[in-house]
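Work through the exercises below with the model open. Try each task before you read its solution.

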Amino acid sequence: MKLEGIFAPIPTPFDDNYELDLNALKKNMDYWLTTPLDGIVAAGSNGEWPLLTYEEKIKLFEACVKYAGGKVKVIAGTHCPSTQETIALSKEAARVGCDAVLVLPPHYYKGQNTQESLKRYFFELADNTPIPVVLYNMPANTGFNMDHKTVKTLSEHPNIIGIKDSSADIVQICQICKNTPSDFNVFAGSGSYFLPSLAVGCSGGTMAVANIFAKPCKEIFEHFNNGDIKNAQKIQLALVDINQAVTKRYGVPGLKAAMEIAGLYGGPPRPPLLPVSKEIREEIKGIYNDFKNFYEGGK
């Protein structure tokens with residue numbers, strides 16, 4: 001599997017009782033399949049993975065594969081606290097038809113993480129998972145950063161095919177691209193620095209904003225690859241505000257609000273997360289409309 005293009009880290013839909021709503025997932029997937037998305041990530045940070053049970057994750061993976069129908073790649077977030085459980089969930093993701101797994105480094109006992117312990121963890125996972133493994137660096141949530149030297153070591157394993165780096169550290173992303181093999185794919189973890197990441201060698205991105213604006217994200221990618229940096233830059237700069245609103249500023253609740261503004265199913269976040277206030281929803285709506293008007297108005 002080649003990790004390339006635009007992937008959306010999809011929100012997990014819940015009903016008013018905070019139970020999985022797979023009918024709502026089907027509605028959203030039907031829309032995503034009309035967009036130029038290359039893939040989705042289920043049970044990632046935007047999918048509220050820490051708030052899902054082991055069994056719910058398997059149901060979610062299975063439904064995503066079914067509804068995607070082979071038209072987009074499905075990557076499953078399978079990180080669990082222990083190596084044993086992460087391997088078990090990764091095997092379940094493979095069994096139901098996912099294309100790859102996305103895995104965070106161990107981070108509860110982060111003080112005990114060493115180059116050797118991380119190598120052993122990910123190599124054991126990669127050895128025992130029948131589908132490709134994608135590393136996931138998300139220091140804002142884990143409190144632990146996988147530096148470029150660690151990533152270089154892990155890239156030596158043939159079943160570890162790439163990394164999603166959400167550190168927002170463009171220098172680190174540059175070093176990863178420079179020091180890993182050419183067939184190791186590096187993904188930007190946010191739409192806010194997508195174009196700079198492409199410029200230093202990334203092969204695509206997994207971006208929350210792609211849930212609602214996949215086409216402009218894909219246009220940044222295509223413009224860059226075609227050498228049209230000016231138009232790629234225009235879209236990138238316009239995209240920053242809405243991407244920040246549904247990620248760093250208001251997080252998953254903000255993304256779910258934006259989904260509803262876009263006519264998709266957002267639904268409630270699962271407690272302890274709280275929905276955004278009416279005032280914040282209106283703020284997000286204004287930012288959403290500003291970008292939509294820019295994009296549909298001929299940029």
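**Exercise 1.** Which residues line the largest cavity?

*Solution.* Start with the ground rules. This is a predicted model, where local features need pLDDT of at least 70, side-chain atom pairs count only at pLDDT 80 or more, and totals for chains, interfaces and linings use all residues. Residues are numbered from 1 along each chain as its sequence is written, and side-chain values use heavy atoms, with hydrogens and water left out.

Next, the term. On a 1 Å grid over the protein atoms alone, a cavity is a set of points where a 1.4 Å probe fits but cannot get out; lining residues have an atom within 4 Å of a point.

Now the list: Ala43, Gly44, Trp49, Gly77, Thr78, His79, Leu102, Leu104 and Tyr136. The volume of this cavity is about 50 Å³. Volume here is the space filled by probe spheres set on the points, with grid points joined across faces, edges and corners.

**Exercise 2.** Sort the lining of the largest cavity by class.

*Solution.* Ala, Val, Leu, Ile, Met, Phe, Trp, Tyr, Cys and Pro count as nonpolar, Asp, Glu, Lys and Arg as charged, and the others, Gly among them, as polar. The result is five nonpolar, four polar and no charged residues.

**Exercise 3.** Place Leu102 in its strand, and find its bridge partners.

*Solution.* Strands (E, at least two residues) and helices (H or I, at least four) are DSSP runs, numbered from the N terminus. Leu102 sits in strand β4, residues 100-103. Ala100 and Leu102 point one way, Val101 and Val103 the other, and all are buried. Buried means under 20% relative accessible area, exposed over 50%, partly exposed in between (1.4 Å probe, protein chains only).

Two strands pair if DSSP finds at least two bridges between them. Strand β3 (residues 73-77) pairs with β4 in the parallel sense over three bridges. There, Gly77 stands opposite Leu102. Three bridges also join β4 to the parallel strand β5, residues 133-137. In β5, the partner of Leu102 is Val134.

**Exercise 4.** Why is the pair of Tyr108 and Tyr109 edge-to-face?

*Solution.* Rings of Phe, Tyr and Trp (its six-membered ring) pair if their centres lie within 6.5 Å; planes under 30 degrees apart count as stacked, over 60 as edge-to-face and the rest as tilted. The centres of Tyr108 and Tyr109 are 4.9 Å apart and the planes stand at 90 degrees, so the pair is edge-to-face. Tyr108 is exposed at 69% relative accessible area, and Tyr109 is exposed at 61%.

Note on methods:
On a 1 Å grid over the protein atoms alone, a cavity is a set of points where a 1.4 Å probe fits but cannot get out, and a pocket is an open set with protein on both sides within 12 Å along at least five of seven lines; lining residues have an atom within 4 Å of a point.
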